[in-house]
Amino acid sequence: MSATLELAAGVHGSLGSIGYGLAAIGPGVGVGIIFGNGTQALARQPEAAGLIRANQILGFAFCEALALIGIVMPFVFGV
C-alpha cells in the first residue's frame, strides 16, 4: 500500500506534463490531416494552389493555437 502512495506522490508533480502530452495528440493529428489533404488537393487542382495553400496555413495556425493553449493551461490553473 505504501509503494502505491509513493508512486502517486511521484506522479503528482508531473500531471500537467502528462496532460499536455495527451492534449498535444489532437493538434498533431489535425496538422497531419490538414497537410495530407492539402497535398491531395494540390495534386488534383494545381491551378488552385494559392487558395489551397492559404487555407492550409490558416488551418495550421488554428491547430497550433490549440497546442499553445494546452501548454499555458497547466500554468494558469496550477496543476
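A helix here is a DSSP run of H or I at least four residues long, numbered from the N terminus. In this predicted model, the protein chain has four helices and zero strands. Read from the N terminus, the order is simply α-α-α-α.

Not much of the chain is tucked away: of the 79 residues in the protein chain, 16% are buried. The exposed surface of the protein chain comes to about 5,800 Å², and carbon and sulfur atoms account for 73% of that area.

Helix α4 covers residues 49-77, and two of its residues are worth a look. Gln-56 sits in helix α4. Its relative accessible area is 9%, and since buried means under 20%, Gln-56 counts as buried. Leaving aside residues up to four places away in sequence, Gln-56 is in touch with Ile-34, Phe-35, Gly-38 and Thr-39.

Met-73 also belongs to helix α4, but here the picture shifts. With a relative accessibility of 33%, Met-73 falls between the 20% limit for buried and the 50% limit for exposed, so Met-73 is classed as partly exposed. Met-73 is also one of the members of a nonpolar surface patch. The other residues in that patch are Leu-68, Ile-69, Ile-71, Val-72, Phe-75, Val-76 and Phe-77. Taken together, the patch residues have about 820 Å² of accessible area.

In short, helix α4 holds both Gln-56, which is buried, and Met-73, which is partly exposed and contributes to the nonpolar patch.

Conventions. Residues numbered from 1 in each chain as written. Predicted model: local features only at pLDDT ≥ 70, side-chain atom pairs only at ≥ 80, totals over all residues. Heavy atoms only, no water. Buried < 20%, exposed > 50% of the residue type's maximum accessible area, 1.4 Å probe, protein only. Areas by Shrake-Rupley, 256 points an atom, 1.4 Å probe, with all protein chains shown as cover. Patch = residues over 30% accessible without salt bridge, like charges linked within 9 Å, V, L, I, M, F, W, Y side chains within 5 Å. Salt bridge = Lys/Arg side-chain N within 4 Å of Asp/Glu carboxyl O. Contact = heavy atoms within 4.5 Å.
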